[in-house]
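Visitor: Please take me through one helix in close detail. I would like its charged pair, its buried side and its surroundings, then the other charged contacts for context.

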Amino acid sequence: MNPGLYFAIGRKARDLLYKDYAQPQPLQIRYQSYDWSFDFSCQIEEVLPGLNTVFRVVVPDSSQAELQYLRDYVGFSAGIGLKANSAHGFDPIANISGVIGSTVVSLGADLGIDITTRTLNKFSAGLSLNSAFLIASMTLSDSCDSVKASVYHPLNPPTMTAIAAELKHRISRDATTLTFGAQHALLPYTLVKARMNTDGKVSAVLRQEIWQRFYVSIAGELDLRDKNSIPRIGLSMAIKH
């Protein structure tokens with residue numbers, strides 16, 4: 001009956017609609033026309049009953065160590081790390097999140113704190129409803145400026161066939177975007193995903209497992225509203241446990 005951690009709220013729909021796509025990442029290195037980054041993470045499970053540790057390093061932007069506590073009806077995490085700033089230095093940051101509920105319904109919040117200025121620089125809250133045929137969530141993020149509602153519906157789990165949709169409203173801009181997408185495993189080791197949103201952007205990704213737990217993804221994106229738009233192509237590689 002454990003509700004999981006905060007980042008699990010809306011994760012199924014978020015992964016289908018955004019993971020592995022050719023989009024600018026918040027943490028990256030730019031050299032001429034290339035954008036690239038290196039992300040390494042390690043998780044040690046059950047250091048103590050219900051307690052996990054996670055270490056993550058993103059070169060050259062940030063690093064973080066996190067403790068996760070999972071028990072019946074409660075999921076809690078706390079982390080501390082460094083994040084690069086515009087002055088080419090690093091700021092110490094802390095992050096605290098918690099979830100209460102069960103595998104059916106859960107409610108959580110996530111807080112980010114800038115240790116140097118002792119200010120709250122991130123706040124989000126979310127609600128998740130889960131069933132065998134539909135996973136729905138609603139989150140308030142970007143310092144209460146964005147409201148998101150998402151749904152994820154598995155059609156055929158053996159082939160990973162599923163559809164998802166997300167409705168996002170930005171309060172300060174009075175702008176609303178609807179994104180919907182689908183995924184399907186053409187072969188046991190080949191996954192295809194595609195998405196489209198009301199801003200006119202169409203994207204697709206092909207993910208191939210080369211060796212056990214080693215994945216290569218090729219993704220592309222095109223802006224249909226921009227006549228001068230050039231398709232963007234991205235390549236990523238990942239080793240997953």
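Guide: Arg11 and Asp15 both sit in helix H1, 4 residues apart, which is about one turn of the helix. This is a predicted model. The two side chains form a salt bridge, with the closest N and O atoms 3.6 Å apart. Arg11 is partly exposed, at 37% relative accessible area. Asp15 is partly exposed as well, at 26%. As for the spacing, an α-helix has 3.6 residues a turn, so residues three or four places apart point the same way.

Now the buried side. Ala13, Leu16 and Leu17 are the buried residues of H1. Viewed down the axis of H1, they fall within an arc of 90°, so they line one face of the helix. The cover over these buried residues includes strand E11 (146-156), E12, strand E13 (175-187) and strand E14 (190-197).

That face belongs to a core. The largest nonpolar core has 6 residues: Ala13, Leu16, Leu17, Tyr152, Ala162 and Ala164. Helix H1 (11-18) and strand E12 (161-170) are the elements that give two or more residues to this core. H1 supplies the largest share, 3 residues. In soluble globular proteins, nonpolar side chains tend to be buried together.

Take Leu16 by itself. Leaving aside residues up to four places away in sequence, Leu16 touches Tyr21, Tyr152, Ala162, Ile163, Ala164, Gly181, Ala182, Gln183 and Lys193.

Next, the end of the helix. Asp20 follows H1, and its phi is positive, near 75°. Asp20 also matters for reading Arg207, a residue of strand E15 (residues 201-211). Arg207 is buried yet has no salt bridge. Its nearest side chain of opposite charge is Asp20, 4.4 Å away. A salt bridge here requires a side-chain nitrogen within 4 Å of a carboxyl oxygen, so that pair does not count. Asp20 is still among the residues that Arg207 touches, along with Met160, Tyr189 and Tyr215, among others.

Now the other charged contacts. The structure holds 5 salt bridges. One of them joins Asp110 and Lys122, with the closest N and O atoms 3.2 Å apart. Asp110 lies in strand E8 (residues 105-114) and Lys122 in strand E9 (residues 119-130), so the pair ties together parts that are 12 residues apart in sequence. Asp110 counts as buried, at 9% relative accessibility. Lys122 counts as partly exposed, at 37%.

Arg170 and Asp145 meet in another salt bridge, 2.5 Å from N to O. This pair links distant parts of the chain: Arg170 is in strand E12, Asp145 is in the loop between E10 and E11, and they are 25 residues apart. Arg170 is partly exposed, at 24% relative accessible area. Asp145 is buried, at 14%. Arg195, Glu221 and Arg232 are joined into one network by salt bridges that share partners.

Finally, an uncharged contact. Ser137 lies in strand E10 (residues 135-141). Ser137 counts as buried, at 9% relative accessibility. Its side chain makes a polar contact of 2.7 Å with the side chain of Ser150. Beyond residues up to four places away in sequence, Ser137 touches residues including Ile9, Gly10 and Leu127.

Methods:
Residues are numbered from 1 along each chain as its sequence is written. This is a predicted model: local features need pLDDT of at least 70, side-chain atom pairs count only at pLDDT 80 or more; totals for chains, interfaces and linings use all residues. Side-chain values use heavy atoms; hydrogens and water are left out. Buried means under 20% relative accessible area, exposed over 50%, partly exposed in between (1.4 Å probe, protein chains only). A polar contact is a pair of N or O atoms within 3.5 Å; within protein, one must be able to donate a hydrogen and the other to accept it, and residues adjacent in sequence count only if both atoms are side-chain atoms. Contact means heavy atoms within 4.5 Å. A nonpolar core is a set of buried Ala, Val, Leu, Ile, Met, Phe, Trp, Tyr and Cys residues joined through side-chain atoms within 4.5 Å. Lys and Arg count as positive and Asp and Glu as negative; His and the chain ends are not counted. The arc is that of the directions from the helix axis to the C-beta atoms.
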